[in-house]
Amino acid sequence: RIESALQKADEEARISLLIALGRLDGASALRVGRAHLSDPSPKVRPIAAHTLGLGSRLLRKSDPDTEREGRLELEALLKQARTENEIRAALWALAQLDQPEAYAVLRQVAHEDARDVARRYAARYLKSPRQSLILRR
């Protein structure tokens with residue numbers, strides 16, 4: 001089971017497992033991605049946000065009325081983000097939640113955030129929320 005493997009995995013394995021999970025199962029991707037937004041590694045956190053966002057997309061397609069959680073955790077990641085990838089992934093995942101509250105966060109960041117990169121990407125995801133997320137290595 002991917003979830004139990006994640007508990008014992010090193011950084012690179014956690015990244016690989018989260019990527020795989022994001023493509024397989026919407027509910028698990030949402031839950032596990034959310035849990036790993038606070039991972040100790042700044043390389044894993046953006047992948048966790050991506051996994052959460054992919055899970056949200058999958059759930060929206062299969063059951064549009066399903067509640068998609070994770071907004072508060074994504075906001076927390078965004079506030080403490082230390083890398084551009086964390087900022088971009090958190091903003092992208094907020095757009096994938098497709099919730100009024102998440103879009104309100106994106107609008108606030110686009111207009112008020114002190115970080116230029118955050119303002120730029122928030123505006124981009126508001127304009128076109130269904131684009132792919134491409135992270136920098």
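Select Gln 96, which has its place in helix H6 of this predicted model. Is this residue buried or exposed? Gln 96 counts as buried, at 0% relative accessibility. Now display what surrounds the residue. Leaving aside its neighbours within four places in sequence, Gln 96 is in contact with Gly 53, Ser 56, Arg 57, Arg 60, Arg 68, Pro 129 and Arg 130. To check one of these partners, draw a distance between the C-alpha atoms of Gln 96 and Gly 53: the separation is 5.2 Å, although the two residues stand 43 residues apart along the chain.

**Helix H6**

Extend the selection to residues 84–97, the whole of helix H6. The helix has 14 residues and reaches 20 Å from its first C-alpha to its last, close to the 20 Å expected at 1.5 Å a residue. Colour H6 by accessibility: 13 of its 14 residues are buried, so the helix is largely enclosed by the rest of the structure.

**Past the end of H6: Asp 98**

Step next to Asp 98, which follows H6 and is found in the loop between H6 and helix H7 (100–112). What is the phi of Asp 98? The angle is near 55 degrees, a positive value in a residue other than glycine. Most residues other than glycine have a negative phi. With 32% relative accessibility, Asp 98 counts as partly exposed, whereas Gln 96 in the preceding helix is buried.

**Into H7: Ala 102**

Continue along the chain to Ala 102, which lies in helix H7. Ala 102 has a relative accessible area of 0% and is therefore buried. Which residues does Ala 102 touch, not counting those up to four places away in sequence? They are Arg 71, Leu 94 and Leu 97. A further distance may be drawn from Ala 102 to Gly 70: their C-alpha atoms are separated by 9.6 Å, with their positions 32 residues apart along the chain.

**H6 beside H8**

Return to H6 and add helix H8, residues 116–127. Two packed helices are described by the angle between their axes and the distance between the axes. For H6 and H8, the axes come within 9 Å and cross at roughly 25 degrees. An angle under 35 degrees counts as roughly parallel, and H6 and H8 are therefore roughly parallel to each other. H6 passes H8 in a right-handed crossing. To see the contact itself, show the side chains on both helices. On H6, select Glu 84, Ile 87, Arg 88, Leu 91, Trp 92 and Ala 95; these meet Val 117, Ala 118, Tyr 121, Ala 122 and Tyr 125 of H8. Coloured by class, this contact of H6 with H8 shows 9 nonpolar, no polar and 2 charged residues.

**H2, its loop and H3**

Move to an earlier part of the chain and select helix H2, residues 11–24, together with H3. These helices pack at an angle of about 145 degrees, with their axes 6 Å apart. H2 passes H3 in a left-handed crossing. The contact is made by Leu 18, Leu 21, Gly 22 and Leu 24 of H2 and by Gly 26, Ser 28, Ala 29 and Val 32 of H3. By class, the contact of H2 with H3 has 5 nonpolar, 3 polar and no charged residues.

Asp 25 lies in the loop between H2 and H3. Its relative accessible area is 33%, so Asp 25 is partly exposed. The C-alpha atoms of Asp 25 and Ser 56 are separated by 9.9 Å, and the two residues are 31 residues apart along the chain. Ser 56 is also among the contacts of Gln 96.

**H3 against H4**

Keep H3 (residues 26–35) and add helix H4 (residues 44–62). How do their axes run? They come within 7 Å and cross at roughly 150 degrees, which makes H3 roughly antiparallel to H4. H3 passes H4 in a left-handed crossing. On the H3 side, select Gly 26, Ala 27, Ala 29, Leu 30, Gly 33 and Arg 34; on the H4 side, Ala 48, Thr 51, Leu 52, Gly 55, Ser 56, Leu 58 and Leu 59. The residues of this contact of H3 with H4 divide into 7 nonpolar, 5 polar and 1 charged.

Finally, select H4 alone. Its 19 residues should span 27 Å at 1.5 Å a residue, and the end C-alpha atoms are 27 Å apart, which agrees. Of those 19 residues, 15 are buried, so H4 is largely enclosed by the rest of the structure.

Methods:
Residues are numbered from 1 along each chain as its sequence is written. This is a predicted model: local features need pLDDT of at least 70, side-chain atom pairs count only at pLDDT 80 or more; totals for chains, interfaces and linings use all residues. Side-chain values use heavy atoms; hydrogens and water are left out. Helices (H or I, at least four residues) and strands (E, at least two) are DSSP runs, numbered from the N terminus. The expected span of a helix is 1.5 Å times one less than its number of residues. Buried means under 20% relative accessible area, exposed over 50%, partly exposed in between (1.4 Å probe, protein chains only). Axes are lines fitted to C-alpha atoms, for helices over the stretch in contact, and angles run from 0 to 180 degrees between N-to-C directions. Angles under 35 degrees count as roughly parallel, over 145 as roughly antiparallel, 65 to 115 as roughly perpendicular and the rest as oblique. A crossing is left-handed if the near helix is turned anticlockwise from the far one by less than a right angle, and right-handed if clockwise. Contact means heavy atoms within 4.5 Å. Ala, Val, Leu, Ile, Met, Phe, Trp, Tyr, Cys and Pro count as nonpolar, Asp, Glu, Lys and Arg as charged, and the others, Gly among them, as polar.
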